[in-house]
Amino acid sequence: MSATTATLYDQITATLAASGVAYRIHEHAPSVTIQDADTNLDFPVDQLMKTIAFRVKNRGWVLAALCGYLQVDYKRLAAAVGVSRDKLMRLEPDAVQSDLGYELGGVAPFAPNAQTEVLIDSGALGWQVIFCGTGRNDRTLEIDPHLLVRVAGARVAGLAKIYCE
């Protein structure tokens, strides 16, 4: 764990503690992907919130958080951010660390700087609790998603791809 990762984790847990909301931090073996978590952790995969980092050209970053195996709909994300799709680029794993300071598997729905916006998929609000990143890939936050939106200063939008059968 790098010093930056420890700092982000400490900032996130301090923000949570100062907010007064109910939450729980779970310690576990490192987990990097949703598949790792599904296989190795005891959290319901549909309630596991992954956070995906994007660069917005000439503007900053966006963290898009959605549950389970849902996939980001890039057009919906771009519309929620107020840019055209071509201005939105998913960060490569090494850029997540170098640009935002998050280790792989530890990306949290908390902005690490003032140039980062956090969006949470509206589908996550259907759960009583969700499990998400904390800045470390060996710690998971359990929290009511409505409280997460408030504490993280996030916006809610429809981000997931919609498939018709």
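The side chain of glutamate 142 makes a polar contact with the side chain of histidine 26, at 2.5 Å. This is a predicted model. Glutamate 142 is buried and has no salt bridge. The points below cover that site, then helix α3, then two arginines in loops.

**Glutamate 142**
- Glutamate 142 sits in strand β7, which spans residues 139–143.
- The nearest side chain of opposite charge belongs to arginine 24, 4.2 Å away. A salt bridge needs a side-chain nitrogen of Lys or Arg within 4 Å of a carboxyl oxygen of Asp or Glu, so this pair does not count as one.
- Leaving aside neighbours within four places in sequence, glutamate 142 is in contact with Tyr23, Arg24, His26, Val129, Ile130 and Phe131.

**Helix α3**
- Helix α3 covers residues 74–81, and its buried residues are Leu77, Ala78 and Val81.
- Seen down the axis of α3, these buried residues fall within an arc of 100°, so they line one face of the helix.
- An α-helix has 3.6 residues a turn, so residues three or four places apart point the same way.
- Lys75 and Ala79 are exposed, on the face of α3 turned away from its buried side.
- Strands help to cover the buried residues of α3: the cover includes β2, β3, β4 (88–90), β5 (116–121) and β8 (155–157).
- At the start of α3, a side-chain oxygen of aspartate 73 comes to within 3.0 Å of the backbone nitrogen of lysine 75.
- Just after α3, glycine 82 has a positive phi of about 85°.

**Arginine 59**
- Arginine 59 lies in the loop between β2 (48–56) and β3 (60–67).
- Its relative accessible area is 43%, so arginine 59 ranks as partly exposed.
- Not counting residues up to four places away in sequence, arginine 59 touches Val81, Gly82, Val83, Gln115 and Glu117. Among these, Val81 is one of the buried residues of α3, and Gly82 is the residue with positive phi just after that helix.
- Arginine 59 and leucine 88 are 29 residues apart along the chain, and their C-alpha atoms are separated by 10.0 Å.

**Arginine 136**
- Arginine 136 is in the loop between β6 (130–133) and β7; β7 is also the strand that holds glutamate 142.
- With a relative accessible area of 13%, arginine 136 is buried. The cut-off for buried is under 20%.
- The side chain of arginine 136 makes a polar contact with the side chain of aspartate 138, at 3.0 Å.

Note on methods: Residues numbered from 1 in each chain as written. Predicted model: local features only at pLDDT ≥ 70, side-chain atom pairs only at ≥ 80, totals over all residues. Heavy atoms only, no water. Helix = DSSP H or I, 4+ residues; strand = E, 2+ residues; numbered from the N terminus. Buried < 20%, exposed > 50% of the residue type's maximum accessible area, 1.4 Å probe, protein only. Lys, Arg positive; Asp, Glu negative; His and termini not counted. Polar contact = N/O pair within 3.5 Å; in protein donor to acceptor, adjacent residues only side chain to side chain. Contact = heavy atoms within 4.5 Å. Arc of directions from axis to C-beta.
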